[in-house]
Amino acid sequence: MPSLWTPEQTAFRDEVRHFLRENLSAGTRQKVRNGLALSRQDHEDWHDALAAKGWYAGFWPKEYGGQGWDAAQTFIFNDEYAYHGAPWVLPYGVNYVGPVIFTYGNAAQKARFLPDIVANKVRFCQGYSEPNAGSDLASLRTRAVKDGDHYIVNGSKLWTSHAHFADWIFCLVRTDTDARPQAGISFLLIDMKTPGIEVQPITTIEGHHHVNAVFFSDVKVPVENLVGEENMGWTYAKFLLGHERMISAETGKTRRHLERAEVLAAERGWRDDPGHRTQMARFNIDLKALEWLTLRLVQTVDQGAPGAEASMLKIRGTELQQRIGEYAFDVLGIEGGAFDIAEPENDETPLSGIARDMLLQKATTIWGGSNEIQRGIVAKHELGLR
Ligand SMILES: Cc1cc2nc3c(=O)[nH]c(=O)nc-3n(C[C@H](O)[C@H](O)[C@H](O)COP(=O)(O)OP(=O)(O)OC[C@H]3O[C@@H](n4cnc5c(N)ncnc54)[C@H](O)[C@@H]3O)c2cc1C
């Protein structure tokens, strides 16, 4: 069968593998493989290694400090690092707000933020969701009122991942209460050190602290931190969400989890069980189809903003992750319950990773816009509705 990849792409994949062997610490890799919590330092070390190589924002245009990777290179890089157990590249700066700033930001914002994002000198988090404004994001109520050369921000954000690691939060805020909901939203960059911001941790089902509630009380934000035009934030928000969903298929991680399930099943003596073999064949076929779909769709959106394609990837990728995770958990049987949810940092058995990953994966069909909402987007696209 002819190879899907050109010699240059194969050489690039080898280069990524070599880099991972040389730069990813055994301790961090083990934590990722066992589903343990990563510290801020673990993330920093990995991001710093990528930044030093110039690969932290490899897909960005060269003029902004990226490598100008095309869709195939970006796919290869994401696939390889996740497969080999490198930490998730926290996407809020590189994948989310960075492209918004270089597409819609002004020259001062580009100069101020883009070099620091590429060099891993600044960390962002994403302030979109609120209580009662998740799927129905346009009903958000966090208010920003202009007062001279500042906005005064009041309200709260919910499920804000890694806000406790962040220097800045990019926020959707309501700047016009009279316009229809989508038309009164603006996109603000807010320094997390500004007085009036409080971050409260939330522990998720697998026992880790990733997400938070963030409260704003009379937070003063300079008007120069408004991205694009006032009341046009919905356009930038949707552009960003497309980028978020394009990286949600996570084929490399899913392949690693599938191999882990296979090893576990072999240890349990299931290798030749016809039911198990059928299940594994189905997973492998679905994963291969997802890899090809990802590559094809990533190429179609190479030049523009992702739309319904991104929703398709999110649905297929997250549901496959969940099916494989739940199957591995079934293979574990009674041992699945034998992990310490109270003290996840001290629980280093590989089997704990299976249970914890399975639990965390419950969130994948919710975050970035639930899969029900994604199905609505795909249906509207196919039916030609607006
Ligand atoms: C672990 C985790 C991390 C997250 N990180 C972030 C983050 O960093 N920043 C951020 O801003 N947000 C974040 N989120 C929030 C996430 O985007 C929202 O949870 C998601 O958009 C769903 O909103 P909701 O939780 O308010 O649920 P709701 O909107 O209340 O939905 C509840 C249920 O109703 C269904 N539903 C709602 N409307 C419709 C409809 N029109 N058609 C069909 N079904 C519908 C949904 O699919 C869902 O099953 C995170 C969430 C999780 C779980």
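From which domains does the shell around the ligand draw at least three residues each? In this predicted model, the domains concerned are domain 2 (124-232) and domain 3 (248-383), each of which supplies at least three residues to the shell. In total, 17 residues surround the ligand, and the closest are Ser135, Trp159, Ser161, Ser370 and Glu372. Sorted by class, the shell comprises seven nonpolar, nine polar and one charged residues.

Several contacts involve oxygen atoms of the ligand. A polar side-chain atom of Glu372, which is among the closest residues, is placed 2.6 Å from a ligand oxygen atom. Backbone atoms also take part: a backbone N or O atom of Ser129 lies 2.8 Å from an oxygen atom of the ligand, and for Tyr128 the corresponding distance from a backbone N or O atom is 3.0 Å. Of the 960 Å² of accessible area that the ligand has on its own, the protein covers 63%.

A second feature concerns strand 4 (residues 168-174). This strand is largely enclosed by the rest of the structure, because seven of its seven residues are buried, that is, under 20% relative accessible area. Its two faces are both covered: one side carries the buried residues Trp168, Phe170, Leu172 and Arg174, while the other carries Ile169, Cys171 and Val173, which are likewise buried.

Strand 4 pairs with strand 1 (residues 124-127) in the parallel sense over four bridges, and in this pairing Gly127 has Cys171 as its bridge partner. With strand 5 (residues 185-191), strand 4 pairs in the antiparallel sense over seven bridges; here Val173 stands opposite Ser186.

How values were computed
Residues are numbered from 1 along each chain as its sequence is written. This is a predicted model: local features need pLDDT of at least 70, side-chain atom pairs count only at pLDDT 80 or more; totals for chains, interfaces and linings use all residues. Side-chain values use heavy atoms; hydrogens and water are left out. A residue is near a molecule or strand if one of its heavy atoms lies within 4 Å of it. A polar contact is a pair of N or O atoms within 3.5 Å; within protein, one must be able to donate a hydrogen and the other to accept it, and residues adjacent in sequence count only if both atoms are side-chain atoms. Accessible areas come from the Shrake-Rupley method with a 1.4 Å probe; for residues, only the protein chains shown count as cover. Ala, Val, Leu, Ile, Met, Phe, Trp, Tyr, Cys and Pro count as nonpolar, Asp, Glu, Lys and Arg as charged, and the others, Gly among them, as polar. Domain bounds come from an automatic or database domain assignment. Buried means under 20% relative accessible area, exposed over 50%, partly exposed in between (1.4 Å probe, protein chains only). Two strands pair if DSSP finds at least two bridges between them.
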